[in-house]
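Open the model in your viewer and keep the sequence panel beside it. The stops below can be taken in order.

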Amino acid sequence: MKPVKVGLLGLGTVGTGVVRIVEGHQEDLSSQVGSPIIIEKIAVKNTEKDRSVTVDSSKLTDDPWDVIRDPEIDVIVEVMGGIEQTKSYILEALDRGKHIVTANKDLMALHGAEIMAKAQEKQCDVFYEASVAGGIPIIRTLIEGFSSDRIMKIMGIVNGTTNFILTKMSQEGASYEDVLAEAQQLGYAEADPTSDVEGLDAARKMAILGTLGFRTNIELKDVSVKGISQVSKEDILYAKRLGYEMKLLGIADREDEQVSISVQPTMVRTSHPIAAVNGVYNAVYVYGEAVGETMFYGPGAGEMPTATSVVADLVAVIKNLKLGVNGLKAIVPYKAKKLKSDEQIMFKNFILLQVDDKAGVLAKITQVLAEFDVSLESVVQQPNDQNPDAEIIIVTHNASKASIDKVLNHFESLDVIRRIKSVYRVEG
């Protein structure tokens, strides 16, 4: 049995996990694909660095082109990160007829269409399961498990750092700043946490999921993004009092072939299963027209969970190689992209207002809501011992984003409203 030779770009956390699994599970993997799998060459930044996994030094190189241009290598596994330079490696590898497995969400969100077009041209596989939700096989599920269904909505917790922060704030009453500092100490958040806490990481993942789920080319610029840096202890306390948990949700939905994609802090009804997903875990809820509601839950990052998804993709590539069907399963978007307008995007809203504590205030507020056709689900006035003004919580029924924006603009100029303290989407 001729071995399949693999080139590895990167030997960080995930790359180390890939080496552990390929070498430690060799008998099981070989039985699945019908031949040994050999990691032939590995590109690293520093060939002399001490590592937690033993690797033959002759396999190491500090030049990724050595891996890309090695004629003996059949499959490139990219776990080094980066975007523009990494894209050039991937495109040349495809030009050379090599198949690609990547965990690079940034690359696929920004350049996935170009890469998949090149792969189709060269009849090569490009698999990227690990790019979205670590150990959760959500991409394969969308492509294969839902191949006979029509996906109407995808809603996910796809960033473990922000879920950890919001969980700690909810369970311990801690402030955002304190929990962020703890997340950085534990290694869950980077020294510069912007990509996570401002929703950019989740937005890239939702662009990928939206493209696969709706078979249309969703670009990063199509995703409306709001992060969690402005979420306060008070917001979470009010959410809990009303029966909600605060989560950073990516939401993609489709109606009459028109789609909307967003990432934003969202109040989720505690009875919804996604509200119970805590800590660094991820979950993706998928609503299919035929199957109804499904949810996929698991670790969204980490060495071994992510490496498991990478190696599963590697196995899929090699099986296709044995069958001679590489490049035939690629999902290339075929539907024209039709984005919903603000008038068509509908959802419930939580609005927290600081107002004058006097008669007639609520009447003026409800008059504005009625003017823009926004109906109320509930209104609650909360006492605030630290402030002589009153606080009013409004939860609306489904209303268009355009109408809510007009309401908020009008509230800004209403003399009885001191401040619009918080506005969040409500689900469930």
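The tour goes through a sheet, a hairpin, a loop residue and a pair of helices.

**Stop 1: the parallel sheet**

Keep in mind that this is a predicted model. Begin with strands β1 to β6, which form an open sheet of six strands. Going across the sheet, the order is β3-β2-β1-β4-β5-β6, and the pairing is parallel. Now select residues 60-61 (β3) and 126-127 (β6), the strands at the edges. Each has a single partner strand, so one side of each is left without a neighbour in the sheet.

Next, select residues 75-78, strand β4, and residues 99-102, strand β5. These two strands run parallel and are joined by four bridges. To see one position in this pairing, show Val 77, which stands opposite Val 101 in β5.

**Stop 2: strand β11 and its partners**

Select residues 281-288, which make up strand β11. How many of its eight residues are buried? Six are, and the strand is mostly covered.

Add residues 151-157, strand β7, which runs antiparallel to β11 and is joined to it by six bridges. Here Lys 153 has Tyr 287 of β11 as its bridge partner.

Then add residues 292-299, strand β12, which pairs with β11 in the antiparallel sense over eight bridges. The two strands β11 and β12 form a hairpin, with three residues between them. Show Gly 288 and look across to Gly 292 in β12, which stands opposite.

**Stop 3: Ser 175**

Move to Ser 175, in the loop between α8 (160-172) and α9 (176-186). Is this residue buried or exposed? Ser 175 counts as buried because its relative accessible area is 16%, and the cut-off for buried is under 20%.

Display the side chain of Ser 175: one of its polar atoms lies 3.2 Å from the backbone nitrogen of Asp 178. Leaving aside residues up to four places away in sequence, Ser 175 touches Met 169 and Lys 233.

**Stop 4: helices α14 and α15**

Finally, select residues 361-371 (helix α14) and residues 401-413 (helix α15). The helices pack at an angle of about 145 degrees, and their axes are 9 Å apart. Their crossing is right-handed.

Which residues make the contact? From α14 they are Ile 365, Val 368, Leu 369 and Glu 371, and from α15 they are Val 407, His 410 and Phe 411. Coloured by type, the contact residues of α14 and α15 divide into five nonpolar, one polar and one charged.

Methods
Residues are numbered from 1 along each chain as its sequence is written. This is a predicted model: local features need pLDDT of at least 70, side-chain atom pairs count only at pLDDT 80 or more; totals for chains, interfaces and linings use all residues. Side-chain values use heavy atoms; hydrogens and water are left out. Axes are lines fitted to C-alpha atoms, for helices over the stretch in contact, and angles run from 0 to 180 degrees between N-to-C directions. A crossing is left-handed if the near helix is turned anticlockwise from the far one by less than a right angle, and right-handed if clockwise. Contact means heavy atoms within 4.5 Å. Ala, Val, Leu, Ile, Met, Phe, Trp, Tyr, Cys and Pro count as nonpolar, Asp, Glu, Lys and Arg as charged, and the others, Gly among them, as polar. Buried means under 20% relative accessible area, exposed over 50%, partly exposed in between (1.4 Å probe, protein chains only). A polar contact is a pair of N or O atoms within 3.5 Å; within protein, one must be able to donate a hydrogen and the other to accept it, and residues adjacent in sequence count only if both atoms are side-chain atoms. Two strands pair if DSSP finds at least two bridges between them.
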